[in-house]
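These are my notebook entries from a session with one structure. I set down what I looked up, in the order in which I looked.

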Amino acid sequence: MEGKTIRQLKWDPDDTPKEKAIKLKDEGNLYFRAKNYSQAVVSYTMALKEELDHDDDLKSTLHQNRAAAHYHIKNYRSSLSDCVFARKFNPKNIKPIYRGAECSYELKKFDDCIKWCDMGLEIDSEDAKLRSLRSKAESEKKSHEKEKRKKEMVERKRNQTFGKIWSLIKAKGIEVQENEKMFFSLLENPANSQQKRVSISSQNDCELNWPVIFLYPEMGQTDFIEEFSENSIFSDHLNVMFSQSPDWDSQKMYNPSSIQIYYDNRKKGKLMKIDHQMTLMDALRKEGMIIQMGTPSFVLLKKITFIKLVSIRFNLNF
Amino acid sequence: MESVNELIDFLDVNTRLDIKTLALHHVLSLTGSFESRKLLLSNPKCLSCLIQLAFGKEEQKSINKDAFFSLINLSADEIDAGQMMHQNSNLVQMLLDYILDEKSQFADTACAILSNLSRGKKNSQIIFDKYFTDSNNNSEKNAAVSLAKLLQVFCTEKFNITNNLDYLGPFICNLTQLESVRNSILNDLLIIQRLIPYTTYNRSIIRRGGLIGAIKNCCFNYDYHQQLLLSPDIDILSRLLLPLAGPEEFEPEEMEKLPDDLQYLPPDKEREVDPDVRTMLLETIMMVLCSRKECRDYIKEKNAYVILRELHKWETDDKAKETCEKLVQILIADEPEREYENLHQVPVPGDLAQKFYEFETKELEKNFQ
């Protein structure tokens with residue numbers, strides 16, 4: 001509160017409001033010169049609280065100075081509103097206009113910036129600073145608008161793709177747990193950002209590639225297939241995956257012929273068999289097959305052990 | 001003749017209101033035909049009365065309005081327009097002052113009269129020499145209007161709340177028939193920067209068309225092409241191409257080469273609706289394209305070709321399509337030899353010129369059949 005003591009010392013009880021305001025302004029200017037901008041703002045604010053009735057020039061100067069102080073501490077919005085007042089009290093003053101243009105530029109309001117520049121150029125059409133700021137704003141505006149259009153296009157494209165995927169899923173009679181909106185947001189922000197999402201095949205735009213999870217509950221293991229084309233069959237994947245025994249299968253019990261694939265029939269609440277020669281699409285269209293979180297999952301068990309596990313329910317968390 | 005003179009006598013400011021209104025109605029309907037316009041103008045009293053009634057602050061609004069409309073009609077022909085300015089040397093000054101007053105109620109009609117008056121090059125010259133201040137020596141003439149001020153008013157949205165001053169577009173376009181006007185526009189970066197966004201101004205074809213015409217006229221000053229085209233502060237190519245671009249999507253590598261303003265256009269992007277304005281835009285690009293190698297290189301590098309290619313597929317107007325074809329031909333042709341760099345100034349041998357002329361005439365006839 002050092003500032004306050006200085007101020008009290010200077011104050012003369014007989015000062016008129018205007019004299020007080022001028023003293024406070026000078027104090028603000030001192031702070032400003034010392035680069036203590038927030039303290040300068042305080043001084044100017046106190047000066048503006050004095051009764052200055054019709055002294056528009058002084059009010060304009062105070063707002064203009066406070067605008068400058070705000071600008072230096074990047075309070076562009078506050079600075080801008082001071083510029084508006086500074087101009088209101090003295091429309092011929094070009095300084096707050098220039099400041100207003102600068103603030104608008106910093107706030108990326110390029111149209112406003114151009115308007116401020118034009119206001120200033122009406123006073124002095126040759127002002128080089130305003131002319132160059134105006135040019136700068138014009139060209140920034142261009143690239144800004146381009147980026148905006150680009151973003152919109154990306155979004156539009158994405159929504160188109162999502163819409164297409166959604167209608168393909170519906171047309172194929174595949175059930176997913178989420179509604180359209182939730183499914184879109186799932187595609188947009190998957191639970192795991194590295195995770196693959198269902199996509200349209202690059203070869204055939206009516207064909208979907210699904211990310212698929214294989215669960216091995218006996219071993220507590222999972223496999224993740226990033227792109228399982230819906231027209232390929234399970235055995236193709238199994239043959240590749242089990243051409244060598246995985247590390248977790250030290251006893252070499254899992255191989256394509258010993259594995260039985262099941263899906264969880266959610267309507268009946270039990271596991272149902274799937275033939276190895278079945279395509280993914282046919283499996284997804286089975287009664288009671290409901291895709292959760294955009295990722296179909298299947299349970300793979302050794303043929304002999306199934307009987308023991310019939311009643312196990314799986315809680316999948318991924 | 002006698003009856004017309006009698007009618008004109010009733011236009012006097014001091015005539016009783018009901019008679020004056022009626023007489024003015026008659027005059028207004030007379031101004032619709034060519035012969036009666038000649039007749040009306042042959043009596044100098046007619047013009048001076050109409051001017052008094054149009055600008056008279058004490059007159060009723062409907063009188064002001066009818067008088068202004070009569071003046072629009074009277075100035076419709078170039079020769080009459082010249083005669084009007086000769087008969088009453090105050091008219092142009094009054095119109096200009098009226099337009100520059102933001103409270104004027106019929107400023108739009110005043111703009112339209114000026115646009116009529118300035119149509120011929122000779123009339124434009126008279127207007128500019130007599131009523132506009134010279135940027136070099138302001139003192140000599142007591143005229144108060146500067147071109148810069150007029151352009152600034154044109155570019156100020158809502159300068160006049162009840163009038164949009166769109167007819168200043170054609171007026172400015174007419175003035176750019178004069179080289180001195182073109183030069184003062186081209187010499188001020190700020191003026192061009194303010195004017196060129198109007199090439200895509202979709203609220204008014206009058207304003208847009210007039211402005212594009214003015215830009216086209218300015219491009220007759222070949223020396224400025226490089227500055228117009230290559231200065232990033234102006235970037236005229238974007239402004240000429242943007243109204244010609246449609247919603248078509250381009251491959252990313254094609255897109256990246258285009259000027260910023262033409263990238264990622266939305267699917268609802270519309271082309272300029274008026275085929276004459278499209279032709280004018282194409283002709284302007286052609287002029288810039290022809291003058292220098294640097295300009296051709298720049299336009300090629302900016303991939304203007306793909307915009308024109310899509311325009312050509314879409315275009316249904318013969319003239320615009322043909323202009324588009326010519327433009328593409330220059331764009332894809334080999335660079336001419338150094339001495340013929342400025343295609344505007346390539347000498348054409350007499351026999352070929354004759355052939356070109358015959359060909360053009362035939363083409364023209366074909367269009368009119």
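The entries below go from whole chains to single residues.

**Entry 1: the kind of model.** I noted at the outset that this is a predicted model.

**Entry 2: chain A as a whole.** I looked up the secondary structure and recorded 12 helices and eight strands for chain A. I then asked how the radius of gyration of chain A stands against the globule rule. The radius is 35 Å, well over the 20 Å that the rule gives for 318 residues, so chain A is more spread out than a compact globule. The box filled by its C-alpha atoms, taken along the principal axes, is roughly 105 × 45 × 35 Å. I found that buried residues make up 29% of the 318 residues in chain A. Among contacts in chain A between residues at least 6 apart in sequence, 53% join residues at least 24 apart.

**Entry 3: the domains of chain A.** I consulted the domain assignment, which gives domain 1 (2-143) and domain 2 (186-309) for chain A. How many ångströms separate the centres of these two domains? Taken over C-alpha atoms, the centres of domain 1 of chain A and domain 2 of chain A are separated by 67 Å. I also checked the UniProt record, where an unreviewed entry lists "domain: Cns1/TTC4 wheel" for residues 205-303 of chain A. Over residues 205-303 I recorded 13% helix and 38% strand, with the end C-alpha atoms 37 Å apart.

**Entry 4: chain B as a whole.** Turning to chain B, I recorded 22 helices and zero strands. The C-alpha atoms of chain B fill a box of roughly 75 × 45 × 45 Å along the principal axes. Of the 369 residues of chain B, I noted that 39% count as buried. For contacts in chain B between residues at least 6 apart in sequence, the share that joins residues at least 24 apart is 69%. In UniProt, an unreviewed entry places the annotation "domain: Protein HGH1 C-terminal" on residues 287-338 of chain B. Over that stretch, chain B is 77% helix and 0% strand, and the end C-alpha atoms are 18 Å apart.

**Entry 5: nonpolar cores.** I asked which residues touch the most other members of the largest nonpolar core. This core has 96 residues, and the answer is Leu50(B), Leu95(B), Ala110(B), Cys111(B) and Leu241(B). Helix α18 (residues 275-291) of chain B gives the most to this core, namely nine residues. Another core, of 29 residues, lies apart from it and includes Trp210(A), Tyr263(A), Met289(A) and Leu300(A). I then looked at Cys111(B) by itself. Leaving aside neighbours within four places in sequence, Cys111(B) is in contact with Ile99(B), Leu165(B), Tyr167(B), Leu168(B) and Phe171(B).

**Entry 6: where the chains meet.** I found 13 residues of chain A in contact with 11 residues of chain B. Which helix supplies the largest share of the side of chain A that touches chain B? Helix α8 (residues 128-171) of chain A does, with 11 residues. By class, this side of chain A has two nonpolar, four polar and seven charged residues.

**Entry 7: two lysines with positive phi.** Before this search I reminded myself that most residues other than glycine have a negative phi. Lys35(A) has a positive phi, near 65°. Lys35(A) lies in the loop between α2 (17-33) and α3 (37-49) of chain A. I asked whether Lys35(A) counts as buried or exposed. With 11 C-beta neighbours inside 10 Å, Lys35(A) counts as exposed, the limit for that class being 12 or fewer. The phi of Lys108(A) is also positive, near 60°. Lys108(A) sits in the loop between α6 (94-106) and α7 of chain A. Lys108(A) is partly exposed, with 13 other C-beta atoms within 10 Å.

**Entry 8: Leu52(A) and Met119(A).** I located Leu52(A) in the loop between α3 and α4 (56-72) of chain A. With 18 C-beta neighbours inside 10 Å, Leu52(A) counts as partly exposed. Not counting residues up to four places away in sequence, Leu52(A) touches Pro17(A), Lys18(A), Ala21(A), Leu58(A) and Lys59(A). The C-alpha atoms of Leu52(A) and Met278(A) are separated by 87 Å, and the two residues are 226 apart along the chain. Met119(A) is in helix α7 (residues 110-123) of chain A. Met119(A) is partly exposed, with 18 other C-beta atoms within 10 Å. Its C-alpha atom is separated by 8.7 Å from that of Ile94(A), 25 residues apart along the chain.

Methods. Residues numbered from 1 in each chain as written. Chains lettered and ligands numbered in written order. Predicted model: local features only at pLDDT ≥ 70, side-chain atom pairs only at ≥ 80, totals over all residues. Core = buried A, V, L, I, M, F, W, Y, C linked by C-beta atoms within 7 Å. Buried ≥ 20, exposed ≤ 12 C-beta atoms within 10 Å, placed from the backbone. Helix = DSSP H or I, 4+ residues; strand = E, 2+ residues; numbered from the N terminus. Contact = placed C-beta atoms within 7 Å. Domains from an automatic or database assignment. Nonpolar A, V, L, I, M, F, W, Y, C, P; charged D, E, K, R; others polar. UniProt positions renumbered as here; feature names shortened; annotations may be inferred. Rg over C-alpha atoms; globule rule 2.2 N^0.38 Å.
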